[in-house]
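Colleague: Got a minute to go through this one with me? I'd like to pull it up and ask a few quick things.

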Amino acid sequence: MAKKGRVFSGARPTGRQHLGNYLGAIKNYVALQDEYESVYCIVDVHALTTVETTKDLVVNTYDMALDWLAAGIRPEESIVFVQSHVPQVMELHTYLSMVTPWGKLTDLPTFKEKVRQQESNVNYGLVGYPILMTADIVLYKTDVVPVGVDQAPHIEFARETVRSFNYRYGTNVLREPQMKNTEIPKVLGIDGVQKMGKSLNNHIELASTPDETRQRVMQMVTDPQRMRRTDSGNPDVCNVFSMHKIFTSKEDVEMINVECRRAGIGCVDCKKRFAENLNKNLEPFRNKREEIGKNPDTVWDVLHDGAKRARAIAEETMVEVRAAMQLPK
Ligand code: SF4
């Protein structure tokens, strides 16, 4: 089937992936492969703006790539690679920085937020982050970027930067990416309050054993008003119920919806059911992960091959960019 164009997405190397990563990004990456020529990048350079040490960078990159592959990203079709393996992105970042006003970068709400978060490490990379992100996108002549509404300003920034570059050099070599509005669900952690994340230790890893998964699920916070087994519950405010809606059959979801409200089912039973369904859903992923993981070179081969294909596209773009800028040959 003819593809609609090229999609690009990048994610920081965060190691073994959790349910929030899967529902918020990976699931969508897998689906997009059918419609688009897909370019998926592990953005290790972006990670340098905030990490304190690089000692886990290699293992986190490996684990993340392994999870992507086990979840269904097809490297024979899609390009999967590591950002720093394509040095052209640093070059394009530099050129794009020359058409970006400093004040525009420091005024961005995301920059201000980062400054609040890491007052003692406001490095230049943090300021130039949106430019590097723009370079990531446009280097591969991306048509669309899948983002949630809250990330729309990033794509708008990229589009404006492309227009500034093209205008400055009287060219149209850089393509303005379109935003592919994607519904990115907010997946709450086992605390039922905050977004699922490793730093909060409220996550459920995809690659955990069934037992570990069960233990994490049994720790999940339910309807806070339901104190005793005999109290009726409210599934509408319960994170376990939200998860059931994703991983449990329609009939069982309906049953829980009714029985919870009249105390016909207890939270312990409800969570046990969820753990069972989740483990069943994750079984193919875990089997595939184990299979691929038997030979770690497979993962690195995928990343190196991806980088080779990415570099070929990147260099083509850069030849046009350098020519448009009239840089000496
Ligand atoms: Fe949540 Fe299930 Fe307990 Fe109802 S029975 S509050 S849906 S865990």
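Colleague: How many residues of domain 1 and domain 2 are in contact?
Modeller: On the domain 1 side 16 residues, and they touch 14 residues of domain 2. Keep in mind that this is a predicted model.

Colleague: And where do the domains run in the chain?
Modeller: Domain 1 covers 6-187 + 295-325, and domain 2 covers 198-290. Their centres, taken over C-alpha atoms, are 33 Å apart.

Colleague: Switching to pockets. What volume does the second largest pocket have?
Modeller: About 210 Å³. It has 19 lining residues, and the closest to its centre are Leu188, Gly192, Cys238, Asn239 and Ser242.

Colleague: Which domains does that lining draw on?
Modeller: Domain 1 and domain 2 each give at least three residues. Helix α10 (residues 239-247) has the largest share, with four residues.

Colleague: What's the lining like, nonpolar, polar or charged?
Modeller: Twelve nonpolar residues, four polar and three charged.

Colleague: OK, helices now. At what angle do α7 and α8 pack?
Modeller: Helix α7 (residues 124-139) and helix α8 (residues 152-168) pack at about 75°, and their axes are 9 Å apart. Since angles of 65 to 115 degrees count as roughly perpendicular, α7 is therefore roughly perpendicular to α8.

Colleague: Which residues make the contact?
Modeller: From α7 you have Pro130, Ile131, Met133, Thr134, Ile137 and Val138. From α8 come His154, Ile155, Phe157, Ala158, Thr161 and Val162. That contact has nine nonpolar residues, three polar and no charged ones.

How values were computed:
Residues are numbered from 1 along each chain as its sequence is written. This is a predicted model: local features need pLDDT of at least 70, side-chain atom pairs count only at pLDDT 80 or more; totals for chains, interfaces and linings use all residues. Side-chain values use heavy atoms; hydrogens and water are left out. On a 1 Å grid over the protein atoms alone, a cavity is a set of points where a 1.4 Å probe fits but cannot get out, and a pocket is an open set with protein on both sides within 12 Å along at least five of seven lines; lining residues have an atom within 4 Å of a point. Grid points are joined across faces, edges and corners, and a volume is the space filled by probe spheres set on the points. Helices (H or I, at least four residues) and strands (E, at least two) are DSSP runs, numbered from the N terminus. Ala, Val, Leu, Ile, Met, Phe, Trp, Tyr, Cys and Pro count as nonpolar, Asp, Glu, Lys and Arg as charged, and the others, Gly among them, as polar. Domain bounds come from an automatic or database domain assignment. Axes are lines fitted to C-alpha atoms, for helices over the stretch in contact, and angles run from 0 to 180 degrees between N-to-C directions. Angles under 35 degrees count as roughly parallel, over 145 as roughly antiparallel, 65 to 115 as roughly perpendicular and the rest as oblique. Contact means heavy atoms within 4.5 Å.
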